[in-house]
Amino acid sequence: SASNVCVVLIAREVYDSPKDREQMLHTVRKLSRHGRTYARSFPPMKPDVLTTSGDIAWLTGHRARAVRCWEKGLAMALRFAMPYQETRLRLALAQAYQDPERKAAQLAAAEQVLGRLGLQTQDVLRLAGRGELSEQS
C-alpha cells in the first residue's frame, strides 16, 4: 500500500531533507487515518492499519506505542486468520522486544507461520521494508 511505501522510505532515510521526511510522515499519517476509517466498516483491515500506526510510532520515537499497536494488530491478525499480517507483526515485535525470551518466541512463531506459507523470514522483512532482523533495531 502507499502507506507502506512511505514507511519504507522514511525507515531507509530515502529523502532529500528533514522537510521531505516530515512531508512523508504527514502523508502516511493521513493515509493511516483513511485506513482506520475504512477498517471500521471492514474489520479485516485492522491488522494492516495497526501495523502502519505502529511503524509510524516507531519511526517517531514512540517505542511503547508502537509495541502496543503491533500487539493489538497481532491479536486482530490471529482473529481473522491472516498469516502474512501475523508474520509481519511478529517480526516487528521480535525487533522491538528487549527481552530475549519474548524476542525469540515471536521469531519462532513467525518462522512457524512462514514455514506453512513456504516463505522465509528475509522474504517478509524485505517485503515489509524492514531489512535484516537485527539485535538492536
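Here is a short walk through a predicted model, from its charged surface to a pair of tryptophans and on to a buried glutamine.

Let's start on the outside. Ten names make up a positive surface patch, so it helps to take them in sequence order: Arg29, Lys30, Arg33, Arg36 and Arg40, then Lys46, and finally Arg65, Arg68, Lys72 and Arg79. Two elements, helix 2 (18–41) and helix 4 (63–79), each give two or more residues to this patch. Helix 2 is the top contributor, with 5 residues. On the helix 4 side, have a look at Arg65. Its relative accessibility is 42%, which makes Arg65 partly exposed, because that label covers values between 20% and 50%.

Helix 4 also takes us to the aromatic side of things. The structure holds 1 aromatic pair, and its partners are Trp58 and Trp70, with ring centres 5.5 Å apart. The planes sit at 40°, so this pair counts as tilted; stacked would need under 30 degrees and edge-to-face over 60. Trp58 belongs to helix 3 (residues 46–59) and Trp70 to helix 4, so the pair ties together parts that are 12 residues apart in sequence. Unlike the partly exposed Arg65, both tryptophans are buried.

One last stop is helix 5 (residues 83–96), where you'll find Gln85. Is this glutamine buried or exposed? Gln85 is buried, because its relative accessibility is 14% and the cut-off for buried is under 20%. Pick out Gly73 as well: from C-alpha to C-alpha, Gln85 and Gly73 are 8.3 Å apart in space, with their positions 12 residues apart in sequence.

Key: Residues are numbered from 1 along each chain as its sequence is written. This is a predicted model: local features need pLDDT of at least 70, side-chain atom pairs count only at pLDDT 80 or more; totals for chains, interfaces and linings use all residues. Side-chain values use heavy atoms; hydrogens and water are left out. Patches are made of residues with over 30% relative accessible area and no salt bridge: like charges are joined within 9 Å, nonpolar side chains (Val, Leu, Ile, Met, Phe, Trp, Tyr) within 5 Å. Accessible areas come from the Shrake-Rupley method with a 1.4 Å probe; for residues, only the protein chains shown count as cover. A salt bridge is a side-chain nitrogen of Lys or Arg within 4 Å of a carboxyl oxygen of Asp or Glu. Lys and Arg count as positive and Asp and Glu as negative; His and the chain ends are not counted. The place of a charge is taken as NZ of Lys, CZ of Arg, CG of Asp or CD of Glu. Helices (H or I, at least four residues) and strands (E, at least two) are DSSP runs, numbered from the N terminus. Buried means under 20% relative accessible area, exposed over 50%, partly exposed in between (1.4 Å probe, protein chains only). Rings of Phe, Tyr and Trp (its six-membered ring) pair if their centres lie within 6.5 Å; planes under 30 degrees apart count as stacked, over 60 as edge-to-face and the rest as tilted.
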